[in-house]
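Let's take a walk through this structure together. Have the model open and follow along as we go.

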Amino acid sequence: MSIIIYHNPNCSKSRTTLAILEQKNVDFKIIKYLENPPTRNELKQLLIDLNLEARLLIRKDELEYKEKSLDDKDLTEDQLISAMVKTPKLIERPIVRTSKGVVIGRPPENILSIL
């Protein structure tokens, strides 16, 4: 089974999710998405697979969210995706993809449903 975790080592939920993967003794690939952000197409595919609108994947407590007025209800899906691609810190984390699906590790135990 191919497993990918979009990981931020500075995030406690992301570190806990990574620990669950390690405890399960499964092979996985770590993508440090702040260093290697997803492309627009990759982010669009994650949204499709998560069955989420872009607005629901954005971290609303980040300073950049407020600075860029991303709470503006008139912003389009494409504009929100552009903001996340340009500023990956805005992407909710961690995201885990397996052959069984894609989930956000909030809470980290969410990933158990796709292992």
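**Starting from Thr17**

Leaving aside neighbours within four places in sequence, Thr17 is in contact with Ile5, Pro94, Val96, Gly105, Pro108 and Ile111. Keep in mind that we're looking at a predicted model. You'll find Thr17 in helix H1. Is Thr17 buried or exposed? Its relative accessible area is 0%, and since anything under 20% counts as buried, Thr17 is buried.

One of the contacts of Thr17 is Pro108, so let's hop over there. Pro108 sits in the segment after E4, and with a relative accessible area of 6%, Pro108 is buried too. Which residues does Pro108 touch, once neighbours within four places in sequence are set aside? They are Lys13, Thr16, Thr17 and Ile20. For a sense of how the chain comes back on itself, look at Pro9: 99 residues separate Pro9 from Pro108 along the chain, yet their C-alpha atoms are 14 Å apart.

**The sheet**

Now turn to the strands. Four of them make an open sheet with mixed pairing, and the order across is E2-E1-E3-E4. The edges belong to E2 (29-32) and E4 (101-104); each of these has a single partner strand, so one side of each lacks a neighbour in the sheet. On average, and ignoring direction, neighbouring strands are turned by 15° against each other. As background, strands of a sheet pair through backbone hydrogen bonds, either parallel or antiparallel.

In the middle of that order, E1 (residues 4-7) and E3 (residues 95-98) pair in the antiparallel sense, with 3 bridges. Look for Ile4, which stands opposite Arg97 in E3. Helix H1 (residues 12-23), the home of Thr17, packs on this sheet and touches E1, E2 and E3. The direction of H1 makes about 160° with that of E1.

Moving on to E3 and E4, these strands run antiparallel and are joined by 4 bridges. They form a hairpin, with 2 residues between them. Here Ile95 has Ile104 of E4 as its bridge partner.

**The cores**

Ile95 turns up again in the largest nonpolar core, which has 22 residues. Which of its members touch the most others? They are Tyr6, Leu57, Met84, Leu90, Ile91 and Ile95. The elements giving two or more residues to this core are E1, H2, H4 and E4.

Zoom in on Leu57 for a moment. Not counting residues up to four places away in sequence, Leu57 touches Leu43, Leu47, Leu50, Leu52, Met84, Leu90, Ile91, Glu92, Ile95 and Ile104. There's also a second, separate core of 9 residues, and Ile3, Ile20, Leu21 and Val96 are among its members. Two of those names should ring a bell: Ile20 is a contact of Pro108, and Val96 is a contact of Thr17.

**Where H2 meets H4**

Last stop: the helix pair. Two packed helices are described by the angle between their axes and the distance between the axes. For H2 (residues 40-50) and H4 (residues 77-86), the angle is about 115° and the axes are 10 Å apart. Their crossing is right-handed. From H2, the contact uses Arg40, Leu43, Lys44 and Leu47, while H4 brings Glu77, Asp78, Ile81, Ser82, Met84 and Val85. By type, these contact residues split into 5 nonpolar, 1 polar and 4 charged. Leu43, Leu47 and Met84 take part here, and they are also among the residues touched by Leu57.

Technical notes. Residues are numbered from 1 along each chain as its sequence is written. This is a predicted model: local features need pLDDT of at least 70, side-chain atom pairs count only at pLDDT 80 or more; totals for chains, interfaces and linings use all residues. Side-chain values use heavy atoms; hydrogens and water are left out. Axes are lines fitted to C-alpha atoms, for helices over the stretch in contact, and angles run from 0 to 180 degrees between N-to-C directions. A crossing is left-handed if the near helix is turned anticlockwise from the far one by less than a right angle, and right-handed if clockwise. Contact means heavy atoms within 4.5 Å. Ala, Val, Leu, Ile, Met, Phe, Trp, Tyr, Cys and Pro count as nonpolar, Asp, Glu, Lys and Arg as charged, and the others, Gly among them, as polar. Two strands pair if DSSP finds at least two bridges between them. A nonpolar core is a set of buried Ala, Val, Leu, Ile, Met, Phe, Trp, Tyr and Cys residues joined through side-chain atoms within 4.5 Å. Buried means under 20% relative accessible area, exposed over 50%, partly exposed in between (1.4 Å probe, protein chains only).
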